[in-house]
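I opened the notebook with a short list of things to look up. The entries follow in the order I took them.

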Amino acid sequence: MAAANGNGGNRAAGPRCIALVGPFQSGKTTLLEAILARTGAIQRQGTIEAGTTVGDASKEARHHKMSVDLSVATTTFMGDSYTFVDCPGSVEFIHDMRAALPAVDAAVVVCEADARKMPQLQLIMRELERHNIPRFLFLNKIDKVETKVMEALPILQPASRIPLVLRQLPIWKNDIVSGFVDLALERAFVYKEHAASEVVPLEGEELDREKTARFSMLEKLADHDDELMEQLLEDIPPPRDKVFDDLAKELREGLVVPVLMGVATRTNGVLRLLKALRHEAPGIDTTAKRLGVNGGEPVAYVLKTLNTAHAGKVSVARVLSGQIGDGVTLLSPEREAGRVSGTFKMLGANSEKRGPATAGDTVALGKLDHAVTGDTLSAGKQAPKALIEVRPYPPVLAIAVSAKERKDDVKLGQAMHKLLDEDPSITVVHNAETHEVVMWGQGEMHLRVATERLAERFGVAITTRRPTVGYRETIKKAVQQRGRHKKQSGGHGQFGDVVLDIKPMPRSSGFKFEDKITGGVVPRNYIPSVEEGVIDALKHGPLGFPVVDVCVALVDGSYHTVDSSDMAFRTAGRIGIVEGLPQCAPVLLEPIHLVEIVCPTEATAKMNAILSGRRGQILGFDTREGWDGWDMVRAKMPESEIGDLIIEVRSATAGVGSFVFKFDHMAELTGKTADQIIAARRAAE
Ligand SMILES: Nc1nc2c(ncn2[C@@H]2O[C@H](COP(=O)(O)OP(=O)(O)OP(=O)(O)O)[C@@H](O)[C@H]2O)c(=O)[nH]1
Ligand SMILES: [Mg+2]
């Protein structure tokens with residue numbers, strides 16, 4: 001092929017799958033829209049503001065004007081099929097991106113030259129680096145006056161472990177970006193709104209700038225190409241083809257990150273980006289090899305699961321080898337995923353039936369009832385091995401959810417099931433003690449969107465509240481207490497009489513019952529009933545919480561040959577505890593967790609303040625292993641304070657800080673905080 005448009009000789013073949021990723025609100029969904037408009041998949045380019053884009057079609061995304069899950073759209077450019085996977089930028093919705101990335105050929109990282117968004121960019125680059133996904137940077141919004149392209153590279157570079165290589169230079173006219181110089185083609189273009197850029201002569205000062213910038217691009221490429229290095233040293237202009245070949249090769253090998261630029265809202269720079277993808281991004285052969293798929297059986301990877309109004313459950317899958325069509329039974333590593341009923345080409349919320357999908361295609365597969373996001377599916381006789389496993393980040397925020405009306409309980413259960421199918425980064429825990437259904441998610445917006453989905457999409461009216469903290473109480477003093485139950489009503493009476501020694505035990509030792517009866521003063525067969533009564537009473541101590549770390553010994557008692565019964569002794573045991581505990585100096589116990597916060601170093605001091613403000617006990621600071629410029633802070637912290645900790649951590653870290661926690665111990669709590677908790681409990685009863 002000719003080199004005029006930057007055609008490397010070894011263009012990849014077959015349908016491509018390209019992820020659009022990048023920090024929050026950088027313009028990914030707008031760029032998808034621009035690509036679809038530029039390639040003729042849609043007639044008019046919609047906007048986020050008007051709620052008319054192909055991506056973000058869900059009610060929740062439109063409402064919040066942000067992406068809350070993947071948008072997938074397939075289009076055709078110069079005769080090749082491209083599926084773009086537009087990923088949400090918010091850290092709270094990052095699992096969608098993480099689950100989809102393994103199966104894409106390349107990623108376009110849409111970003112702005114905004115230092116505040118660099119930690120987010122770094123987070124995303126890490127993910128791409130981990131999977132060895134070739135990546136372009138697309139510096140968007142260069143129409144904004146505050147964007148200084150020449151200053152952008154030093155801002156962006158620290159987020160990437162490998163060198164960024166500037167491929168374009170902006171051309172300025174009256175302080176507005178009017179076009180660009182392509183450093184590989186050595187040509188100048190003037191942007192046309194929603195149309196292809198026009199070639200203009202490259203001359204004067206522009207030419208000088210071009211020479212300098214091109215040289216710096218070539219120098220970076222020459223770091224991995226000795227021949228090019230020699231040519232540069234000897235001042236021999238390298239052939240254009242060689243430059244393009246190097247660009248493609250070094251991108252694919254993960255040695256450089258080319259930087260392109262544009263204005264997504266005006267479709268500027270989009271054609272150049274598409275051409276770079278066409279000529280430089282690897283194709284399905286490389287991607288299949290990266291994932292360890294060597295042909296043979298048909299294999300696909302599920303990058304997203306959706307429940308659509310029309311088609312029910314669909315699995316968006318990339319076919320990595322072979323052909324998958326209607327009627328094929330697919331196996332996952334653990335189970336039969338189901339029989340394909342319908343293969344669809346996707347354009348946001350719209351889908352169009354199509355024929356069988358072949359290697360490289362990204363399609364929606366209908367009715368795979370037992371497929372989940374991240375599954376490796378095979379049409380072979382044997383279950384495939386999982387190609388990759390992407391575990392969601394541990395959740396950080398919880399709410400208790402219940403159906404507004406009891407009759408909707410079952411419906412809520414079903415809706416939750418669908419919700420979890422679509423979003424594996426949510427977990428649901430049933431708390432048997434409090435009878436709460438607790439939904440755990442990645443942040444405030446994530447949970448808000450989840451409840452909106454339950455309410456609006458799955459039609460269950462729900463109420464939410466803060467989950468109950470697992471308080472307990474214990475005692476500090478031992479007492480001996482008699483429990484006596486005597487009732488004379490008509491014929492048969494009731495009689496049970498016990499003496500209990502109630503003693504504190506060390507922390508975390510739970511509960512112990514001792515039978516110290518001698519001489520049969522309480523007959524053997526009634527003793528288990530006494531224990532039952534004791535256990536029952538300990539469920540609800542004088543402060544209102546379950547009582548732990550106590551030892552109760554049955555030391556004495558009496559019985560009546562006619563009136564004594566299991567029930568009477570159970571009641572006697574209970575009375576002994578209810579009357580005894582208030583004299584034992586009851587004290588509140590609260591759960592304390594070990595928390596590990598990770599954050600960019602500049603936010604570490606703020607973490608310190610946040611932790612101290614929340615009764616945290618800081619154990620130490622460390623650099624985060626493998627993460628330049630990040631720290632880890634370890635602390636012990638009460639569960640009640642972890643409740644909404646993430647909200648403060650996120651706001652102090654431009655959205656990227658996070659934490660994991662695990663239960664450590666129960667600690668005594670006294671004073672004002674304890675009084676408030678006890679009063680709140682009483683009020684709730
Ligand atoms: N000035 C300017 N604004 C842009 C450009 N591209 C996008 N925007 C605006 O930036 C805002 C965010 O755009 P989106 O396309 O939703 O960004 P996103 O990256 O998809 O956002 P998330 O998916 O929520 O992370 C919208 O108001 C867009 O109109 C651009 O090139 N120039
Ligand atoms: Mg978006």
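Which strands does helix α14 lie across? I found α14, residues 566-580, lying across β27 and β28. Its direction runs at about 140° to β27. I note here that I am working from a predicted model.

**Entry: the sheet under that helix**

I looked up the sheet next. It is open and has four strands, in the order β27-β28-β30-β29. The pairing is mixed. I then asked which strands stand at the edges. They are β27 (479-487) and β29 (511-515). Each has a single partner strand, so one side of each is left without a neighbour in the sheet. I also took the twist: neighbouring strands of this sheet are turned by 25° against each other on average, direction ignored.

I went on to the pairing of β27 with β28. Strand β28 covers residues 494-504 and runs antiparallel to β27, with nine bridges joining them. Within this pair I noted Arg 482 opposite Val 499 of β28.

**Entry: overall figures**

I stepped back to the whole protein. I counted 18 helices and 34 strands. The C-alpha trace spans about 110 × 55 × 45 Å along its principal axes. Of the 685 residues, 46% are buried. I also checked contacts with a separation of 6 or more: 73% of them join residues 24 or more positions apart.

**Entry: nonpolar cores**

How many residues does the largest nonpolar core have? I read 154. The residues with the most contacts inside it are Ile 18, Val 85, Ala 100, Val 104, Ala 107 and Phe 138. I picked Val 85 and left aside its neighbours within four places in sequence. Its contacts are then Cys 17, Ala 19, Leu 20, Leu 70, Val 72, Ala 100, Val 104 and Leu 303. Another core lies apart from the largest one and has 25 residues. Among them I found Val 534, Ala 537, Val 552 and Ile 577.

**Entry: two helix pairs**

Two packed helices are described by the angle between their axes and the distance between the axes. I looked up both values for two pairs.

For α1 (residues 28-38) and α9 (residues 270-280), I have an angle of about 85° and axes 10 Å apart. The two are therefore roughly perpendicular to each other. On the α1 side the contact is made by Ala 34, Ile 35 and Arg 38. On the α9 side it is made by Val 270, Leu 271 and Leu 274. By class I logged five nonpolar, no polar and one charged residues.

For α6 (residues 204-222) and α7 (residues 226-233), the angle is about 140° and the axes are 8 Å apart. I class α6 and α7 as oblique to each other, because the roughly antiparallel class takes angles over 145 degrees. Helix α6 contributes Leu 218, Glu 219, Leu 221 and Ala 222 to the contact. Helix α7 contributes Leu 228, Met 229 and Leu 232. The classes are six nonpolar, no polar and one charged residues.

**Entry: positive phi**

Most residues other than glycine have a negative phi. I looked for exceptions and noted three.

Thr 267 has a positive phi of about 65°. It sits in the loop between β11 (257-261) and α9. Is Thr 267 buried or exposed? Thr 267 counts as buried, because I find 24 C-beta neighbours inside 10 Å.

Lys 367 also has a positive phi of about 65°. Its place is the loop between β20 (362-366) and β21 (376-378). With 16 other C-beta atoms within 10 Å, Lys 367 is partly exposed.

His 194 takes a positive phi near 50°. I found His 194 in the hairpin of β9 and β10, which has two residues between the strands. Strands β9 (residues 187-192) and β10 (residues 195-200) run antiparallel, joined by four bridges. I noted one bridge pair here: Lys 192 with Ala 195 of β10.

**Entry: Ser 658**

My last look-up was Ser 658, in strand β34 (residues 658-669). Why does Ser 658 count as buried? It has 20 C-beta neighbours inside 10 Å, and 20 or more is the cut-off for buried. Leaving aside neighbours within four places in sequence, I listed its contacts as Tyr 393, Val 396, Val 598 and Val 649. I also took one distance: Ser 658 and Ile 647, eleven residues apart in sequence, are 9.7 Å apart from C-alpha to C-alpha.

Methods. Residues are numbered from 1 along each chain as its sequence is written. Chains are lettered from A and ligands numbered from 1 in the order in which they are written. This is a predicted model: local features need pLDDT of at least 70, side-chain atom pairs count only at pLDDT 80 or more; totals for chains, interfaces and linings use all residues. Axes are lines fitted to C-alpha atoms, for helices over the stretch in contact, and angles run from 0 to 180 degrees between N-to-C directions. Angles under 35 degrees count as roughly parallel, over 145 as roughly antiparallel, 65 to 115 as roughly perpendicular and the rest as oblique. Two residues are in contact if their C-beta atoms, placed from the backbone, lie within 7 Å. Ala, Val, Leu, Ile, Met, Phe, Trp, Tyr, Cys and Pro count as nonpolar, Asp, Glu, Lys and Arg as charged, and the others, Gly among them, as polar. Two strands pair if DSSP finds at least two bridges between them. A nonpolar core is a set of buried Ala, Val, Leu, Ile, Met, Phe, Trp, Tyr and Cys residues joined through C-beta atoms within 7 Å. A residue is buried if 20 or more other C-beta atoms lie within 10 Å of its own, exposed if 12 or fewer, and partly exposed in between; C-beta atoms are placed from the backbone.
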